[in-house]
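Here's a quick tour of the aromatic side chains in this one. Pull up the structure and follow along.

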Amino acid sequence: MSVKVHAPRLLTPVHTRIGLLPNYPKSGTSFPYRHATFPSLLPHPLHASPAVVSPVTAEKLPEPPVRMVAVVGHGAVSPLKSAPWQEVMLHTAERLKWVDEGYELVVFTDECIQSDQQKALRLESELLKADILVIVAVTEKESIDWIKIHSRTIENVICFDSSSDFKNKLGGYEVHNQVKGSIFGEVLGNSQSDKTRESYEVVQTVSEAWDRHSSDDIRFCLLVLINAYIRPVPVLKNLRAKGFSTLKCMLKNCGRQVLNCLLDPNCRKALQCLNRCSPVDQVCNYRCIASYESANLEAFSLCVLQKNNCLELEAEVPNKPYVPPMVMFRGQDINYEIAEDLFVGWLGNLQWSWRVVAGQNPAYDQFPCQYQLFYRGKAKGSFWYEPVFQVKTLEGQMVWRRRRYRVKRGKIPGTFHFSVLDNGVVSNEYWTIVDVADDLSWGLFHYHGAARAAGQSYTGAVLVSPDGAFPNERERTRVVAALDKCGIKEWELYNVDNCSCIDPPLGIPEGSSLHYAIQIEDPNRMPV
């Protein structure tokens, strides 16, 4: 079981979009993913992150729905902890609604083609009005032949992990499969037309995201297709290039910071490293930042993004899914003091409040040894959160990182507003205490967040315990119920490596205070 590790927001899409250095094609590719220009200062329309899912709202007329159909192989198992593909795609349909209520995805298994005429007729009806058909793990010949016949009029047909007999289409253009029915392949023929090149970039983006095997990336694949071939997805449109106004803004307002970054070996290496990463590979992107972090890189981001918004980006804290806070603890109504004490957790008995057990987003779950420190500050009413965690640099070194969030109470007890200046970019987050066991053997905290100047919105949760171990089996039903309140499935979650956590830089400022309302038992007396 697991949930997204709440690592700091050093990783922002902006670092994948500010290419101050030439972007060279990866070996073995026919086209460079980004054009090799210097400086490449403008964001690419596809340079979005799976974490970016919250569109900036605007007054406009409602648009017609985007209709998608997914056909999955009957009984086919996904790489997501062996969850059935049918369940994964049904969950994806729900998560698409968090982005836009107009995104409709209906899911069928190919069993209906072979043995359920009524469902087959319904599938046929849905295909007639589909904008996008997604085929997943379909290998039976009867199903293949039926789908090929009934999908001829659909302009966008994408297949993953399916028979190589299927042909993919993007915008009406066929795309050859290369191996194993994967979407990644060579575009039909040798055409160098703009549409063909654009289709190739979409193919590459979607393929790389799909192969990362996470629920965020699966949804991201569909958003990219909608944005490229159906209608603009607001959050992806938000990341489109703004023209030479970006370069003008940077040179006018941040010339010194840009020059210092280019002259600083670490800052320059960070930009070179980021240019080599796939824009959807957040694991790669964050490792670049963590490996070459420097004061000049922070100053660059602070000036270009936070202070001057040279990329003209915008993002809002998402409001979906709505996650209700817990209302009772140990038989008492939750109030603000109790809620803050639940965050403080084991600090005082232990050197930390909580350790993160697991997380939903693999980009953050890569970080081993995650500790949480919550405490009341010296100033009246002040409350702070400091995550401490390890990062493995590109040189193979394990280094500790620590960040500091200001925490303010929300309108409802059990909800909080977090803010942090992280590597030059401000992130604002809305946290909810979903559930905590009476003996504090585990807790689940959910959050929505946004780095406005980086154009990034995100959502997730953290499953925590005093020792970083999973709750015992007796608690499983309650943990699953808490995850369900967050719209999270067990198979979405990733374990955090809590081994070999030597000498973490813990400790809180002198004069800080801890619990006000609840008593914390000795962790050595906790029931097994």
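## Starting point: F374

This is a predicted model, and F374 is a handy place to begin. With a relative accessibility of 0%, F374 counts as buried, because anything under 20% falls in that class.

## Two partners for one ring

A search of the whole structure turns up 24 aromatic pairs. Take F374 and Y385: their ring centres are 4.5 Å apart and their planes sit at 15°, so this pair is stacked; the cut-off for stacking is under 30 degrees. The contact ties together distant parts of the chain, with F374 in strand β10 (residues 371-376) and Y385 in strand β11 (residues 383-392), 11 residues apart. Both F374 and Y385 are buried.

F374 also pairs with F418, but edge-to-face this time: 6.3 Å from centre to centre, with 75° between the planes. Here the link runs from strand β10 to strand β14 (residues 415-422), and F374 and F418 are 44 residues apart. F418 is buried too, at a relative accessible area of 1%.

## The wider cluster

So which residues join F374, Y385 and F418 in one aromatic cluster? The other members are F343, W354, F383, Y405, F416, W431, F445, Y447 and Y458.

## Charges over rings

Two arginines are worth a look as well. The charged end of R404 sits over the ring of W384, 3.7 Å from the ring centre. R355 has its charged end over the ring of W352, at 5.8 Å from the centre.

Methods: Residues numbered from 1 in each chain as written. Predicted model: local features only at pLDDT ≥ 70, side-chain atom pairs only at ≥ 80, totals over all residues. Heavy atoms only, no water. Phe/Tyr/Trp six-rings, centres within 6.5 Å; stacked < 30°, edge-to-face > 60°. Helix = DSSP H or I, 4+ residues; strand = E, 2+ residues; numbered from the N terminus. Buried < 20%, exposed > 50% of the residue type's maximum accessible area, 1.4 Å probe, protein only. Lys NZ or Arg CZ within 6 Å of the ring centre and 35° of its normal.
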